[in-house]
Amino acid sequence: MSSGSGKRVVVTGATGNVGTSVVRLLAEDPEVESVVGLARRFPDRTPPGTEWSTVDLGAERAGLAGVFEGADAVVHLAWAFQPTHDPAVTWRTNVLGSLRVFEAVAAANVPALVHASSVGAYSPGPEGERAVDESWPTHGWPDAAYCREKAYLERALDTFERDHPRTRVVRMRPAFLFKRESASEQRRIFGGRFLPGQVARPELLPFLPDVPGLRVQALHTEDAAEAYRLAVRTEVSGPFNLAADPPLDAKLLAEMFDARPVRLPRTAARSAIAAAWRLRLLPASPHLFDAVLRLPLMDCTRARVELGWHPQRTATEVLEEFLLGMRAGAGAPTEPMRGRKVG
């Protein structure tokens, strides 16, 4: 435990989309005395009450136990989305790196571990509009590396909780997370470096593809970060779904863009994505597309009741902000989130 009056919190992946928001909110929290951000490279700015340590979770000798010593909580956010063509690389960082974090948490006797799971950890959802709570199976979609890795870590945490019952473990399962500052990073991750952000203008999109079954939930990154802050402060454990209303589908997006939805069969959409991925024109894999089509809608009642958490922005507001960020080439002063305007 920290020696001062406030908490000492360590955040992995502190310079990414979620990490930058979590670090800022924790640094502003009067109950948090200090925040230690872990990342492969230092950011250009440091919030008050924050210090940085360079760590590569993909390295076998990450030296995490010493960094975690004396911490009241570890918030584990670090994640690599690419390269999608070489899943062994992401496995080393995401799975083996996470296992190193869990082992170091145990070795340093950290009282709380808050882990970034995902809606992608869930097994395919039920038919119809029924939303699932946190008891829904978490076996992911095995063909997609992202889902496979998130689901594997759910099983690893099952074992961790059994072996370390004195450590409070929280698993956050958020929907897709967006904010203005993440626009350039996410465009590069999912759309590629050369996809122009200006394509996200209504006048350039008279038609929108309507793929049967394509419907997702979204959440503002700041709202997700608030849930992480509450999980650090509140004596809760277990999984929490995090999403904002309404679910996003082709009809709603067409209204936002003042465009006409055009029915596109799943097979045609997947074939186009697969061809672009094989040619390395598109970083997002067709396997991830398969997984997204099967994601369940999440019921977030538990987060509202036990955490006292409520998203401050609707999913449509989140998407509008993100699209404005894409057009502007918005970013943040960290290496993963550098702003860049293309086109």
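Strand 9 (residues 215–220) and strand 11 run antiparallel and are joined by 3 bridges. The model in which they appear is predicted. This briefing first treats the sheet to which these strands belong, then the helix lying across it, and finally a pair of helices.

**The sheet**

- R215 stands opposite D249, a residue of strand 11.
- Strands 7, 9 and 11 form an open sheet of 3 strands in the order 7-9-11, and the pairing within this sheet is mixed.
- Strand 7 (176–178) and strand 11 (244–249) are the edge strands, each of which pairs on one side only.
- On average, neighbouring strands of this sheet are turned by 40° against each other, direction ignored.
- In general, the strands of a sheet pair through backbone hydrogen bonds, in either a parallel or an antiparallel manner.

**The helix across the sheet**

- Helix 6, comprising residues 221–233, lies across strand 7 and strand 9.
- The direction of helix 6 is at about 70° to strand 9.

**The pair formed by helix 8 and helix 9**

- Helix 8 (residues 266–278) and helix 9 (residues 286–294) have axes that come within 8 Å and cross at roughly 150°.
- Angles over 145 degrees count as roughly antiparallel, and helix 8 and helix 9 are therefore roughly antiparallel to each other.
- On the side of helix 8, the contact involves R266, A269, R270, I273, A274 and W277.
- These residues meet P286, H287, F289, D290 and L293 in helix 9.
- Sorted by class, the contact of helix 8 with helix 9 has 7 nonpolar, 1 polar and 3 charged residues.

Note on methods:
Residues are numbered from 1 along each chain as its sequence is written. This is a predicted model: local features need pLDDT of at least 70, side-chain atom pairs count only at pLDDT 80 or more; totals for chains, interfaces and linings use all residues. Side-chain values use heavy atoms; hydrogens and water are left out. Two strands pair if DSSP finds at least two bridges between them. Helices (H or I, at least four residues) and strands (E, at least two) are DSSP runs, numbered from the N terminus. Axes are lines fitted to C-alpha atoms, for helices over the stretch in contact, and angles run from 0 to 180 degrees between N-to-C directions. Contact means heavy atoms within 4.5 Å. Angles under 35 degrees count as roughly parallel, over 145 as roughly antiparallel, 65 to 115 as roughly perpendicular and the rest as oblique. Ala, Val, Leu, Ile, Met, Phe, Trp, Tyr, Cys and Pro count as nonpolar, Asp, Glu, Lys and Arg as charged, and the others, Gly among them, as polar.
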